[in-house]
Amino acid sequence: MPENGLHSSMSFESHGDQCERIQAILAATADGLIVIDALGCVELVNPAAAELLGHAVDDLLGREVDPQALLGLDEPFENGVAVEVARSEPEHRVLMVRMNRITGHDGEPAGQVISIHDITAEREAAVMKNEFVSMVSHELRTPLTSIKGYVDLILDEDAGEINEMQREFLGIVQENSNRLVSLINDILDISRIESGRVHLRVEPLEMNEIIQGVVDTFRAVAKNSEIELTWVAEDPLPRAAGDRDRIGQVLMNLVSNAIKYSPGGGSVTIRARQDDEDVVVSVHDTGIGISAEDQEKLFTKFYRVDSSLTRDIGGTGLGLSICKSVVELLGGDVGCESVAGEGSTFWFSLPMASCEIVRKPELEGPLESAGGLVLVVDRDPSTCELISTYLCKRGYEVEYAHSATEAHEKAMRLQPRAITLDVMLEEDDGFELLHRLKDDSRTRDIPVVVLSVVCDEGRSLRLGAANYLEKPIDQARLTRIVDDLVGGQEAPLVLVVDDDRSIVGAMSNMLRAKGFSTIAAYDGREAMAAIEEHKPDLILLDLMMPVMDGYQVIQEVKSSEETKDIPIVVMTAHRIDRERTDLLELAAEQLRKPFAVEDLVERIEQFLTEEA
Ligand code: ADP
């Protein structure tokens, strides 16, 4: 409707000088501004807006426009809410746009003002910052891997006996390298969260168990600080949906702070309860407390309360901001209530687990390794030596390669049973090497474990890596992964199902010491998931379990053509459900609890040998 547009622009004309002045001000503004009149026509548009949107001023002025389409938004504007839009035409730009309605003297709608702020440079800087942080952390982690690894080995007396003074001094080195590792991890965590590269494994969590673990970890620290550490939890407490390691990390952070910021002793209490559809965990302390003003900023990066009380207490101000991001990514909330001088309560909530999410049980290889040659590919000689020490301790032989060409040649010639590969090679790209190994029929079947300081799990697995491990290398995890790849396949696999984790832990250890591989499941649904994925050679089954009990597991296993031949050994505690004894008859063997775990292992061994 050109007439309306003309009319709108004309109304400014009539104000003469004032209009010119407004035009001049708008032309000098770096942010884009568009005024739309009550009839939906562009009444004013400054050069910045036209340029940011890739139009000429004259194309827009006086035209009837749909603001949502003009800005390329997926959803209509909401009054006063800023939204981010990425545009690719005429060039790549990230814009922060916002619409505010205007009302006339009579209270009637008089149009809208749209402001456009260009944040392309800020976004690019953020990406560069994240890349920089990842790179620096990588460079720091490589030497740190060696420092930490060798100190651990010396303290384990792997290099010979050490005296008390050496132990004390090395203990200090160890403690500080651990601190450095955790600081670098925090920084990497933040940069991962900010760039959306964080991997969360959501599973149903027994919060009481996580709390118990954290309390055990801090018991000695609390005692040293003369703090009484206690926990109360509702029983029964529904399971929460979360990432086990991450939620453990969040709770450790809160408990560590509660102890740290209670310098004069006192008490720290952890509580867990159900609140509507959430599980809420709180950590209360009787420490120094936090003023209302500081409480608002606590969860922001690097924020630390600066007072005479906190100045001597070490910290980075990253912990709470990581807690907040992690919990929010998991769909929960965090918060704090506190009175300065009296103490604080920090809490977090997680949604209750729905029955659908089932933890994916992991396979654990036998304690005795199968041995054999492992090719270690890493540009850093001291890391090679360290990995080699870990693997040799476990009975493997090791060869090194420092470049892609050397690695490919050795893989072909030596046919190792597994390869560990750091993707950051001196001149070549480790991913390309991985691709080459998987593309070549002579090396395709050799399993490759990618070790890296940058988080490339997805890419590695896509390219055919058998597993992925982050640096600094955890000795136990590395050997477990290599064991799984090299020997795990041949060892008979026993699935241990019991809702009592200590029983599962004890039995799995015994079985692995006897050369079996094990998988642990803590209820019937987890058991079914494990059976489907790993096809165990034998199932050791408890009957009384939450979610899905042992009888149902027997029924499902025995009614499927694919699983009906897997022998099931049932462990019964007390009463047997008389109505369902027919199901029990399908089990290969029944054992009554309590029994000596060693006897059990022996019987399973006999049983499997007979079967074979
Ligand atoms: P850090 O403890 O490493 O400084 P955090 O992010 O964990 O970093 O905590 C940020 C700040 O919040 C701390 O520096 C401290 O001032 C304050 N704070 C955290 N927990 C407590 C607590 N339980 N009591 C008093 N102050 C706390």
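**Figure 1. Val-305 and its polar partners at the ligand.** In this predicted model, a polar backbone atom of Val-305 sits 3.2 Å from an oxygen atom of the ligand. Two side chains also have polar atoms facing the ligand at short range. For Tyr-261, an N or O atom of the side chain is 2.8 Å from a ligand oxygen atom. For Asp-285, a polar side-chain atom and a nitrogen atom of the ligand are 2.9 Å apart. On its own the ligand would expose 530 Å², and the protein buries 98% of that.

**Figure 2. The shell around the ligand.** Zoom out a little and you'll find 20 residues around the ligand, with Asn-257, Tyr-261, Arg-304, Thr-316 and Leu-320 coming nearest. Sorted by character, the shell has ten nonpolar residues, seven polar ones and three charged ones. Which elements give two or more residues to it? They are helix H9 (244–260), helix H11 (319–329) and strand S12 (343–351). H9 has the largest share, with three residues.

**Figure 3. Phe-302, a loop residue with a positive phi.** Here's a look at the loop between helix H10 (292–295) and H11, where Phe-302 is found. Its phi is near 65°, which is positive even though Phe-302 isn't a glycine. Most residues other than glycine have a negative phi. Is Phe-302 buried or exposed? Phe-302 counts as exposed because its relative accessible area is 54%, and the cut-off for exposed is over 50%.

**Figure 4. Lys-535, another positive phi.** Further along the chain, the loop between helix H18 (524–534) and strand S21 (538–542) holds Lys-535. This residue, again not a glycine, has a positive phi near 45°. With 37% relative accessibility, Lys-535 is partly exposed.

**Figure 5. Glu-226 and a pair of glycines.** Glu-226 lies in the loop that joins helix H8 (207–224) to strand S7 (227–233). Leaving out residues up to four places away in sequence, Glu-226 touches Gly-265 and Gly-266. Glu-226 and Gly-266 are 40 residues apart along the chain, yet their C-alpha atoms are separated by 7.0 Å. Glu-226 still counts as exposed, since its relative accessibility is 65%.

**Figure 6. Ser-177, tucked into helix H7.** Helix H7 (residues 164–194) is home to Ser-177. What does Ser-177 touch, once residues up to four places away in sequence are set aside? The answer is Leu-144, Ile-147 and Lys-148. Ser-177 is buried, because its relative accessible area is 4% and buried means under 20%.

**Figure 7. Two buried cysteines.** This pair of views shows Cys-41 and Cys-384. Cys-41 has a relative accessibility of 0%, so it counts as buried. Cys-384 is buried too, with a relative accessible area of 0%. How many disulfides does the structure hold? Zero.

**Figure 8. Stepping back to the chain as a whole.** To place the close-ups, here's the wider setting. The protein chain has 21 helices and 23 strands, and buried residues make up 45% of its 612 residues. Among contacts between residues at least 6 apart in sequence, 63% join residues at least 24 apart. The chain exposes about 31,300 Å², with carbon and sulfur atoms supplying 50% of that area.

Methods. Residues are numbered from 1 along each chain as its sequence is written. This is a predicted model: local features need pLDDT of at least 70, side-chain atom pairs count only at pLDDT 80 or more; totals for chains, interfaces and linings use all residues. Side-chain values use heavy atoms; hydrogens and water are left out. A residue is near a molecule or strand if one of its heavy atoms lies within 4 Å of it. A polar contact is a pair of N or O atoms within 3.5 Å; within protein, one must be able to donate a hydrogen and the other to accept it, and residues adjacent in sequence count only if both atoms are side-chain atoms. Accessible areas come from the Shrake-Rupley method with a 1.4 Å probe; for residues, only the protein chains shown count as cover. Helices (H or I, at least four residues) and strands (E, at least two) are DSSP runs, numbered from the N terminus. Ala, Val, Leu, Ile, Met, Phe, Trp, Tyr, Cys and Pro count as nonpolar, Asp, Glu, Lys and Arg as charged, and the others, Gly among them, as polar. Buried means under 20% relative accessible area, exposed over 50%, partly exposed in between (1.4 Å probe, protein chains only). Contact means heavy atoms within 4.5 Å. A disulfide is a pair of cysteine sulfur atoms within 2.5 Å.
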